[in-house]
Amino acid sequence: MRKKVGYLGPQGTYSELAAIKLAGDAELFSFVSFPEVFRALKEGRTDAAVIPIENTVNGAVTQNLDLLQETEGAFAIAAYDCKIDHRLITLRGADAGKIKRIYSHAQALGQCASYLAENFPQAKLIATSSTADSIDKIASQEDAGIAGVQCSREGYVLSDFNISDYPNNLTTFLLVVRGEPEEALKMRGEYSGASATNSDRVFFSVTCRHEVGGLSDMLNVLCAHGINMTEIESRPIKDRQGEFRFFMEIEGKLGQKAVEDALSDLKDKALSFKLLGCY
C-alpha cells in the first residue's frame, strides 16, 4: 500500500519538489498551510510530511520548528537540500516598470529583498501561502509573483535568471513520520529518499535552567563527549517570558556510545529534552 505524504501546496512549490525527492513513490497530498500539514500527520490522514526547516539565506523556518516540537510522535528520518531558483513571474506582455504589486511566500520575498528594493522600489510586497500560490494572485499586468523556475504556465513569463540575492540558496527539507524514534527509524526503507541505514545527524531540543551558565552547561556536555554541534536555534517558550528552547543538531549516529552518553547527560541536566530526528 502506497504511503501518503503531505506537503505545502499547491503543485509547483519547492515543498512538492522536496516531497518527490524524499518520497517520490508515495501518494502526495498538498495542504494550504504548515499547521494543516502537521494536523493531517497527527490525525493519521497522512503517514509522513515534508517540511522546510532551514534556509541558507533566511535561517530557520521557525514556524516548523515550533510545530515539530508541539506535535507528539513526529520524528524526522531523512533530509534533502533543495536548490532554490526564484524567478519573477508576470503576465505575458507586462512592463516591469509598471509593476505595483509583487506576491510570494514571506520566505521568498525575504530571499529576494535586495533585488526587489533595487528594481521595484515602488511595488508593494504581499505575502502569500506559498510561492506557487503567488501566481494565482496575478490579476493584471501591474502584478507580479516570485515562484520557482519549475512554475511555468501558459500566458505567463518567468524571468531569465534567478532573482535570489544569493545564488547558493538552499533550503533543507525534512521527511517527518508519525511514530516514536525507535519505531520511526525502522520506516526508513519505506521511503525512496531515506537511507535505509543510520544517518549522520541527530536533531533534538532542550530547555535549560534560567540562570548564569545554563546554556553553557548544555554545550559543555557535547564538548566533553567530543560531539560536534552543527546547528543551534533558539525559540521563545510560549507563556514563559524571557525563557527559551534551544534546537540543536549534532554530528553522530544514534547507537554510538559517545552520542548516547551525551544525550543521556543532556536529559539529566536539561529541564526538558525531546529527540526530534535522525537523518
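Biologist: What does arginine 201 count as, given its relative accessibility?

Modeller: This is a predicted model, in which local features need a pLDDT (the predictor's confidence in each residue, from 0 to 100) of at least 70, side-chain atom pairs count only at pLDDT 80 or more, and totals for chains, interfaces and linings use all residues. Residues are numbered from 1 along each chain as its sequence is written, while side-chain values use heavy atoms and leave out hydrogens and water. With a 1.4 Å probe and protein chains only, buried means under 20% relative accessible area, exposed means over 50%, and partly exposed lies in between. Arginine 201 has a relative accessibility of 24%, so this residue counts as partly exposed.

Biologist: Arginine 201 forms a salt bridge with glutamate 249, but how many residues apart in sequence are the parts that this pair ties together?

Modeller: A salt bridge is a side-chain nitrogen of Lys or Arg within 4 Å of a carboxyl oxygen of Asp or Glu, and here the closest N and O atoms of arginine 201 and glutamate 249 are 3.6 Å apart. Helices (H or I, at least four residues) and strands (E, at least two) are DSSP runs, numbered from the N terminus. Because arginine 201 lies in strand β12 (residues 201–207) and glutamate 249 in strand β14 (residues 244–251), the parts they tie together are separated in sequence by 48 residues.

Biologist: Which residues do salt bridges with shared partners join into one network?

Modeller: One bridge to look at is that between the side chains of aspartate 143 and arginine 101, at 2.5 Å from N to O. Aspartate 143 lies in strand β9 (residues 143–148) and arginine 101 in strand β7 (residues 101–105), so the pair ties together parts that are 42 residues apart in sequence. Salt bridges that share partners make one network of Lys100, Arg101, Glu142 and Asp143.

Biologist: What kind of aromatic pair do tyrosine 115 and phenylalanine 161 make?

Modeller: Rings of Phe, Tyr and Trp (its six-membered ring) pair if their centres lie within 6.5 Å, and planes under 30 degrees apart count as stacked, over 60 as edge-to-face and the rest as tilted. Searching the whole structure gives 5 aromatic pairs. For tyrosine 115 and phenylalanine 161 the centres are 6.1 Å apart and the planes stand at 70°, so the pair is edge-to-face.
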